[in-house]
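Biologist: I have a chain open here and would like to talk it through with you. Could you take my questions as they come?

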Amino acid sequence: MNNALTKIATAQAAAGGRYPRFGRYLLEVEVIRTKEGFKGDSAIAELKVRESEPLAGGETPSRPGETVDYVENLSDEKKGGGERFKSFLMTLVGADEYEFANPAALKKFFDERQAGTHLLIRCEVFPKQLPAKEGHAGKVISGYRWSHVELNDEQLTQAEHARKASKLPALADALA
């Protein structure tokens, strides 16, 4: 049988990708990674939905327990993906921009330390209308508004237990 048909037949059906639908969320970072692909380098945060609520008059948001992806293309400098992903990381840990000015400071989030894994972040995913171009109506894309979550003692304990179960270093060591 044709190899391409075998790949299709054994693949899991995609239902619109793993992007979060419009809504407000409390998310837990599962993993942060980079990927080289057809359209260049991407930064990807895989996030587990802990809580969700719809926007006023909006569609049903992604459900708690689902894994969603936040993806930014880093190769197209005109689109600002690197800046947006840097902002995501800064918000995740409540850091200032100067703390992320050096690539070595970012490494701890992508290497085996996975410094952001099991941390919480709030996000509002909202419809963002792009301007019309060449006689075509502007596309509607997802905009993201990130908010830092200061972990309380219970959440910090849960994050540390989850990191230990995942064989990751303690949060303080990973962020150092």
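**The pocket and the sheet around it**

Modeller: Let me begin with the largest pocket, which is lined by 28 residues, among which Val71, Glu72, Asn73, Arg84 and Ile141 lie nearest its centre. Please keep in mind throughout that this is a predicted model.

Biologist: OK, and what is the volume of that largest pocket?

Modeller: The computed volume of the largest pocket is about 1100 Å³.

Biologist: How many of the lining residues are nonpolar, polar or charged?

Modeller: Sorted by class, the lining of the largest pocket has 12 charged residues, together with 9 nonpolar and 7 polar ones.

Biologist: Which elements supply at least two residues each to that lining?

Modeller: Strands S1, S2, S3, S4 and S5 each do so, and so does helix H2.

Biologist: Then how are the strands ordered in the sheet?

Modeller: The sheet is open and antiparallel, and its 5 strands follow the order S3-S2-S1-S4-S5. At its edges are S3, residues 67–73, and S5, residues 140–148, each of which pairs on one side only. Neighbouring strands of this sheet are turned against each other by 40° on average, with direction ignored.

Biologist: And where does H2 sit relative to that sheet?

Modeller: Helix H2, residues 81–93, packs on the sheet and touches S1, S2, S3, S4 and S5, while its direction makes about 135° with that of S3.

Biologist: Back to S3 for a second: how many bridges does it have with S2?

Modeller: S2, which covers residues 40–53, pairs with S3 in the antiparallel sense over 7 bridges. As one example of the pairing, Leu47 has Val68 in S3 as its bridge partner.

Biologist: Switching topic, I keep looking at Gly65; where is it?

Modeller: Gly65 is placed in the loop between S2 and S3. If residues up to four places away in sequence are not counted, Gly65 touches Lys48 and Val49.

Biologist: Why does Gly65 count as partly exposed?

Modeller: Gly65 has a relative accessibility of 46%, so it falls in the partly exposed class, because that class lies between the buried limit of 20% and the exposed limit of 50%.

Biologist: Last one, what about the chain as a whole: how many helices and strands?

Modeller: The protein chain has 5 helices and 5 strands, and from the N terminus on they run α-β-β-β-α-α-β-β-α-α. Of its 176 residues, 33% are buried. Among contacts with a separation of 6 or more, 59% come from residues 24 or more positions apart.

Definitions and conventions: Residues are numbered from 1 along each chain as its sequence is written. This is a predicted model: local features need pLDDT of at least 70, side-chain atom pairs count only at pLDDT 80 or more; totals for chains, interfaces and linings use all residues. Side-chain values use heavy atoms; hydrogens and water are left out. Two strands pair if DSSP finds at least two bridges between them. Helices (H or I, at least four residues) and strands (E, at least two) are DSSP runs, numbered from the N terminus. Axes are lines fitted to C-alpha atoms, for helices over the stretch in contact, and angles run from 0 to 180 degrees between N-to-C directions. Contact means heavy atoms within 4.5 Å. On a 1 Å grid over the protein atoms alone, a cavity is a set of points where a 1.4 Å probe fits but cannot get out, and a pocket is an open set with protein on both sides within 12 Å along at least five of seven lines; lining residues have an atom within 4 Å of a point. Grid points are joined across faces, edges and corners, and a volume is the space filled by probe spheres set on the points. Ala, Val, Leu, Ile, Met, Phe, Trp, Tyr, Cys and Pro count as nonpolar, Asp, Glu, Lys and Arg as charged, and the others, Gly among them, as polar. Buried means under 20% relative accessible area, exposed over 50%, partly exposed in between (1.4 Å probe, protein chains only).
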